[in-house]
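Subject: Structure handover

Hello,

Please find the structure below. My notes on what turned up follow it.

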Amino acid sequence: MLTIRSVALVTAAPLVLAAAGIAHPHGLSRSTASDWTQLHIALLPVFPLLTVGLLVPLWHRPRLGLAGFATVVAWAGAFVYAAFYTGLDAVAGIAAGTAVEHVGETATLGPVKRPLYDMGEALGQAGAYALIGAIVATAVALLPKHGARILPGTMVLLAAGWSFVDSHIFWPRGVWTMLGFALGFALLHWGAGSSAPTDGAGMPRHQTGDHGTGG
C-alpha cells in the first residue's frame with residue numbers, strides 16, 4: 001500500500017535539491033566562492049539519493065528474463081549517474097569554488113574556472129544520460145507487471161531527465177527540473193504500488209484462503 005512515508009522517501013532528494021537550487025548562487029565570483037563551495041559540499045551526499053525514486057520500485061531480486069535484465073541495467077545506470085554526477089559536484093563545485101576563493105586578487109577568473117567547468121560539465125552530462133538510461137530500464141522492468149500505470153511517471157521523469165542534462169539545479173529551470181523529478185517519482189511509485197501482483201505469466205496472483213490451494 002502507498003503510504004506518506006514511502007512517497008516521502010522517493011521525493012525527499014529532489015525536493016531538497018529544488019530548495020537548494022533556489023539558494024544556489026547564479027554565478028561563481030570572489031564574493032560567492034565560499035557559498036558556492038559550502039553548498040556543493042552539503043549537496044555531495046544528496047545528488048546520489050536522486051536514484052532512490054528508481055531503486056524503491058525495483059527493490060527485489062531480479063528474475064531471469066527481460067524484466068530482470070532491465071532491473072540490473074537500471075541499477076547499473078543509477079550507479080553510473082551517482083558516480084559521475086558526484087564528479088561534477090567535486091570538480092565544478094568544490095574545486096572551482098575553492099580555487100576562485102584563494103586565487104590572487106589581480107588574477108583573471110576565467111582561466112581558473114573554465115577548465116574545471118568544462119570537466120565538470122562533461123562528468124555531469126555523462127551522469128545525467130546514465131540516469132535517463134536508468135529511467136528507461138526501470139520502465140522496461142516494471143511494465144510487464146504493472147502495465148500502463150507506470151507510463152505517466154516515466155514520461156515526467158524522462159522530461160525531467162532531459163532537462164537535467166544542462167540545467168543542474170540553477171533557478172529557474174533547474175528547480176522546476178527537480179520538482180519534475182519529485183512528481184515523476186511519486187507517480188511511478190503510485191503506478192508500481194497500486195496494481196495487483198502478477199505471476200510469471202502476467203496473470204493476477206490471488207490470495208489463498210480456506211479454499212485456496214496454496215503456492
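Gly65 is partly exposed, because its relative accessible area of 46% falls between the 20% and 50% cut-offs. This glycine sits in the loop between α3 (52–55) and α4. Its C-alpha atom is separated by 9.7 Å from that of Ala141, and the two residues are 76 apart along the chain. Note that the model is predicted.

Now the overall picture. The protein chain has 7 helices and 0 strands. Read from the N terminus, the order is α-α-α-α-α-α-α. The chain has 215 residues, and 43% of them count as buried. Take the contacts between residues at least 6 apart in sequence: 76% of these join residues at least 24 apart. The accessible surface of the chain comes to about 11400 Å². Carbon and sulfur atoms account for 68% of that surface.

Next, the second largest pocket.

- Volume: about 370 Å³.
- Lining: 20 residues.
- Nearest the pocket centre: Leu88, Ala92, Glu121, His168 and Phe170.
- Make-up of the lining: 9 nonpolar, 7 polar and 4 charged residues.
- Helices that each supply at least two lining residues: α2 (33–43), α4 (66–102), α5 (110–146) and α6 (151–167).
- Largest share: α5, with 7 residues.

Which of these residues deserves a further look? I picked His168, one of those nearest the centre of the second largest pocket. His168 lies in the loop between α6 and α7 (173–193). Is His168 buried or exposed? His168 counts as buried, because its relative accessibility of 10% is under the 20% cut-off. The backbone has a point to check as well. His168 is not a glycine, yet its phi is positive, at about 50°.

What does the side chain of His168 make a polar contact with? The partner is the side chain of Tyr85, at 2.8 Å. Tyr85 is also listed among the residues that His168 touches, once those up to four places away in sequence are set aside. The others in that list are His24, His40, Phe47, Leu88, Asp89, Gly174 and Met178. Leu88 appears again here, having come up among the residues nearest the pocket centre.

The contact with His40 leads on to helix α2, where His40 lies. His40 counts as buried, because its 3% relative accessibility is under 20%. Setting aside neighbours within four places in sequence, His40 is in contact with His24, Asp89, Gly93, Ile94 and His168. Compare the two contact lists: His24 and Asp89 are in the one for His168 and in the one for His40.

How far apart are His40 and His24, C-alpha to C-alpha? They are 9.2 Å apart in space and 16 residues apart in sequence. Their side chains make a polar contact at 3.4 Å. His24 is thus a contact of His40, and His168 touches His24 as well.

One last item, back in the loop between α6 and α7. Pro172 is found in that loop. The peptide bond from Trp171 to Pro172 is cis, with omega near 5°. His168, with its positive phi, is in the loop between α6 and α7 too.

That is the handover.

Best wishes

Conventions
Residues are numbered from 1 along each chain as its sequence is written. This is a predicted model: local features need pLDDT of at least 70, side-chain atom pairs count only at pLDDT 80 or more; totals for chains, interfaces and linings use all residues. Side-chain values use heavy atoms; hydrogens and water are left out. Helices (H or I, at least four residues) and strands (E, at least two) are DSSP runs, numbered from the N terminus. Buried means under 20% relative accessible area, exposed over 50%, partly exposed in between (1.4 Å probe, protein chains only). Contact means heavy atoms within 4.5 Å. Accessible areas come from the Shrake-Rupley method with a 1.4 Å probe; for residues, only the protein chains shown count as cover. On a 1 Å grid over the protein atoms alone, a cavity is a set of points where a 1.4 Å probe fits but cannot get out, and a pocket is an open set with protein on both sides within 12 Å along at least five of seven lines; lining residues have an atom within 4 Å of a point. Grid points are joined across faces, edges and corners, and a volume is the space filled by probe spheres set on the points. Ala, Val, Leu, Ile, Met, Phe, Trp, Tyr, Cys and Pro count as nonpolar, Asp, Glu, Lys and Arg as charged, and the others, Gly among them, as polar. A polar contact is a pair of N or O atoms within 3.5 Å; within protein, one must be able to donate a hydrogen and the other to accept it, and residues adjacent in sequence count only if both atoms are side-chain atoms.
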